[in-house]
Amino acid sequence: MKITNMQITVMDNSQSKMIGLAGIVLDDMIAIHEIKIIKNEDRIFLAMPSKKLSNSRFVDIVHPINADVRAAIENIVISVFEDTAKTNYYSVRVKMNTSPEDDVTTQNANDYEIVSFFEKTERVEKMPENGYDYWVDEE
């Protein structure tokens, strides 16, 4: 299993600990949306998609089973997020360059190409309300 595509959105809200959102595609077959990129006092980490139960607890809907896979996904997503945050892009879609023998734990976090992007000035005019429609390829 490897990350084949990813979308990263940089959040502008300085009042929140959530600094971005990510969506990843595994093996060009499974999409995981709404991965929150969180910054606290000392580090950046990912919060996997979750739902709130009736007792007000949150449970992950999707999550890595072991620490090595979680660390690898965090490394890749945060690396692309940090690169995106340094640009004038509000949101990017990237394709990971992978070899057949790669899996998520051996992928190079810096080996990707930007497929499409929205610059910060385009955000208000072009971003759809649900945040995902613009990633549908017109083929």
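**Exercise 1. State which strands help to cover the buried residues of helix 1, and which residues these are.**

Solution. Strand 1 (3-10), strand 2 (18-26), strand 3 (30-39), strand 4 (44-47), strand 7 (89-96) and strand 8 (112-119) are included in the cover over the buried residues of helix 1. Helices (H or I, at least four residues) and strands (E, at least two) are DSSP runs, numbered from the N terminus. The model is predicted: local features need pLDDT of at least 70, side-chain atom pairs count only at pLDDT 80 or more, and totals for chains, interfaces and linings use all residues. Residues are numbered from 1 along each chain as its sequence is written, and side-chain values use heavy atoms, with hydrogens and water left out. Buried means under 20% relative accessible area, with a 1.4 Å probe and protein chains only. The buried residues of helix 1 include I73, V77 and S79.

**Exercise 2. Check the length of helix 1.**

Solution. The expected span is 1.5 Å times one less than the number of residues. For the 19 residues of helix 1 this gives 27 Å, and the end C-alpha atoms are 26 Å apart, so the two agree.

**Exercise 3. Place S79 and decide whether it is buried or exposed.**

Solution. S79 belongs to helix 1 (residues 67-85). Its relative accessibility is 14%, and therefore S79 counts as buried. Beyond neighbours within four places in sequence, S79 is in contact (heavy atoms within 4.5 Å) with E74, A109 and N110.

Terms used
Buried < 20%, exposed > 50% of the residue type's maximum accessible area, 1.4 Å probe, protein only.
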